[in-house]
Amino acid sequence: MNNFDYLRAGTIKEAVRGIATQPANQFIAGGTNLIDLWKYDLTHPARLIDLNGLDELKTITELPDGGLRLGALVSNNATAYHPIVEERYPLLSRTILAGATAQIRNSATNGGNLLQRTRCYYFYDVASPCNKRVPGSGCPAIEGQNRLHAILGESAQCIATHPSDMAVALAALEAVVQVTGPEGQRSIPIADFHRLPGNTPERDNTLAADELITSIDLPATGYAAHHSYLKLRDRNSYAFALVSVATGLELEDGKITRARIAVGGVAHKPWRKPAAEDALIDKEPSPEAFGAAADILLAGATGYGHNDFKIELARRAIIRNGAMALDPSCQRPGAQPSL
Amino acid sequence: MPNRPDPPTRAVTLTVNGTARTVHVAPWVSLLDTLRDHLDLTGSKKGCDHGQCGACTVICNGQRILSCLTLAVMQDGAEITTIEGIGAEGKLHPLQEAFIAYDAFQCGYCTPGQICSSIAMIEAGHGNTREEVKDLMSGNLCRCGANTNIIDAIMAVKDGAHE
C-alpha cells in the first residue's frame, strides 16, 4: 500500500481539473472497491479527489422525455429504494438489491458501480501475471482456474468478466451515461460504455482518464409490467454472478412487441444482441421462443474448462427468466430462482 | 511503487455516539482505524479489513456502512453510531437483550457489527419477512454459525417481543 494525498472537490470543474494534473490521481466516491484495491496493492493513487462534496450529483430527477436521471453520487441503495425507481424501473431496483450487501450498497455509488474492477482471482493476486493489471505479462486464467470467467467476447489476452449486477439491468434498459471532461460533456450509451478486452484488457471502459460520470439516464420505457433479474451463484446472497439475466418485455394480446435481454457473468461487459431480441417479436413468450433467442445471444460461446457449464446454464437461465418476467411478483429477495 | 513523502495529517471532526471528536489523521486512515486507534472505541471489530465480513459495521448518518472501506477524511462532519453508543448505562438496547435471550452469539466477535447492522436495517424499515431479513443481513458473517439464532433475535425485536 502506498501513501496518498487527498483533495475534497467543491465543484465538478475542480474535480476534473484535479484529476488532470497528475495521471496517478483518482476520483473517490463510495470507495468500496477503490479502497479494497488499494489495500491489495492493485492501485496506487497519488492523490484521491473526493467527490462527496458535489451535491448536484446526489439527486434523482425526472427528465422531460419521460426518463429518469440517476445522479452519479446517489448510493446504490438509495437508488434501489427510490419510489420512482421502484414503481417505474423495478427491474433496476431488484437487480441492484441482488448485488453486494446492504452496507456496501449504502456506500457504493451509481457511477462507481460501473467502474468497479473484475473479481478475476489472478487480477487480484499481485504474485500472478495478469494482462489487465500488468499489460503484456500474460493471462493465467485461460489455462487455470476459470470458473468465474468469460464465455463470450473474450480475447487471447483476457477472459475476465465484469462483476456488476446493476450494469446488466442498465444494458437491458438502454441507459445512457453522462460524463464531463475538460472538453465539456458527452453522452455514452451503456452498450458502448464497457468494452471487450481485445489487445488492451487494461481498459475496462471507454471513459477517458480525465472524465467524470455525472449521471446515468434511464429512457422512459421501464418494463415495469414484465421484467425479471435472475442471478445464479454459489450461495444465495453476497456472491458474484456465475450467470445472471435481466429481461424486460412488452406484450400485446399475448405476443411480445418489445424485448430486451442482457446477460451478466459471461463477458467483459453485459452481453446483449439486438438480433436475439428481434427474434422474439410477434412470438408468444414460450420456452421455445426464449430458447431460440438464447441460441442467437450465445452463438460462439466458448468454455475454458472450469466455466464450460456456463454455456448451458446461460441458455437455461434466459429461458427461465423469460417465464419469470411474465409475473414479476414471483421474484424473491436477492433475485433467487423461483417459479 | 516509489513511496512519496507523507502528506500532512488532516483534522477530521466526527460526532461519535453524540459527542463531537476531532482527530488528526493521514488521508489513508480508515474510519475503522480512526475509531479503534484514535478514539479508543474498540467495539467495532476488524475482521477481514476488506468488506467481506461486516464485523466493522457502524451507523453513519443513519445508514449502516463498513467502516473499513471508507476513509476518515471522507467522513468529516458525519454522525457515527457504534456499538458503544446504542444502549444506555444499565439499560441494554432491545437488540442486545434479544441477542442474549436467543443465544445469538458464541465468540462474540461479529456481534457489534451484527447489532449495528440490524438496528439500521430495522430503522430503515427494511426486512419485512424472515427471508428478506436473512438476505439483508448477509453482509454480516458469523463464523461460529449462530446465524439462525441471530435472525431469531432480530425477528423477535421486529415483532415487538423486546421493547
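Chain B holds an open sheet of 5 strands in the order β2-β1-β5-β3-β4, with mixed pairing. Two strands count as paired here if DSSP finds at least two bridges between them, and the elements themselves are DSSP runs numbered from the N terminus, with helices being H or I of at least four residues and strands being E of at least two. The edges of this sheet are β2 (19–25) and β4 (63–66) of chain B, each of which pairs on one side only. From one strand to the next, the twist averages 40 degrees.

A word on the model before going further. It is a predicted one: local features need pLDDT of at least 70 and side-chain atom pairs count only at pLDDT 80 or more, whereas totals for chains, interfaces and linings use all residues. Residues are numbered from 1 along each chain as its sequence is written, while chains are lettered from A and ligands numbered from 1 in the order in which they are written.

**Chain B: sheet, helices and domains**

Within the sheet, β1 (residues 10–16) and β5 (residues 79–81) of chain B run parallel and are joined by 2 bridges. In one of these strands, β5(B), you will find Ile80(B) as the bridge partner of Val16(B). Helix α3 (residues 111–123) of chain B packs on the sheet, where it touches β3 (57–60) and β4 of chain B, and its direction makes about 35 degrees with that of β3(B). Contact means that the C-beta atoms of two residues, placed from the backbone, lie within 7 Å; axes are lines fitted to C-alpha atoms, for helices over the stretch in contact, and angles run from 0 to 180 degrees between N-to-C directions.

Stepping back, chain B has 5 helices and 5 strands, which follow the pattern β-β-α-β-β-β-α-α-α-α along the sequence. Its C-alpha atoms fill a box of roughly 55 × 35 × 25 Å along the principal axes. The radius of gyration of chain B is 17 Å, which agrees with the value near 15 Å for a compact globule of 163 residues; it is taken over C-alpha atoms, and the globule rule is 2.2 Å times the number of residues to the power 0.38. Of the 163 residues in chain B, 44% are buried, where buried means that 20 or more other C-beta atoms lie within 10 Å of a residue's own, C-beta atoms being placed from the backbone. Among contacts in chain B with a separation of 6 or more, 57% are between residues 24 or more positions apart.

Both chains have a domain assignment, with bounds that come from an automatic or database source. The table sets them side by side.

| Chain | Domain 1 | Domain 2 | Distance between C-alpha centres |
|---|---|---|---|
| Chain A | 5–50 | 227–328 | 36 Å |
| Chain B | 10–85 | 94–158 | 21 Å |

In chain B, the contact between the domains takes 15 residues from domain 1 and 13 residues from domain 2. On the domain 1 side, β3 and β4 of chain B are the elements that give two or more residues, and β3(B) has the largest share, 3 residues. By class, that side has 6 nonpolar, 7 polar and 2 charged residues. Ala, Val, Leu, Ile, Met, Phe, Trp, Tyr, Cys and Pro count as nonpolar, Asp, Glu, Lys and Arg as charged, and the others, Gly among them, as polar.

**Chain A: a sheet between elements**

Chain A offers an open sheet of 3 strands, ordered β9-β10-β11, with antiparallel pairing. Its edge strands are β9 (227–232) and β11 (255–264) of chain A, and the twist averages 15 degrees from one strand to the next. There are 6 bridges joining β9(A) to β10 (residues 243–252) of chain A. Across them, Lys231(A) stands opposite Ser244(A), and Tyr229(A) stands opposite Ala246(A). Two helices of chain A pack on this sheet, and each touches β9, β10 and β11 of chain A: α9 (residues 166–173), whose direction makes about 25 degrees with that of β10(A), and α13 (residues 309–326), at about 35 degrees to β10(A).

How much of β9(A) is buried? The count is 6 of the 6 residues, so β9(A) is largely enclosed by the rest of the structure. His227(A), Tyr229(A) and Lys231(A) point one way from the strand, while Ser228(A), Leu230(A) and Leu232(A) point the other way. In a regular strand the side chains alternate between the two faces of the sheet.

**Where the chains meet**

Finally, 26 residues of chain A are in contact with 30 residues of chain B. On the chain A side, the elements giving two or more residues are β1 (5–8), α2 (34–39), β3 (47–50) and α6 (102–107) of chain A. The most comes from α6(A), with 5 residues. The side of chain A that touches chain B divides into 9 nonpolar, 12 polar and 5 charged residues.

Terms used: A residue is buried if 20 or more other C-beta atoms lie within 10 Å of its own, exposed if 12 or fewer, and partly exposed in between; C-beta atoms are placed from the backbone.
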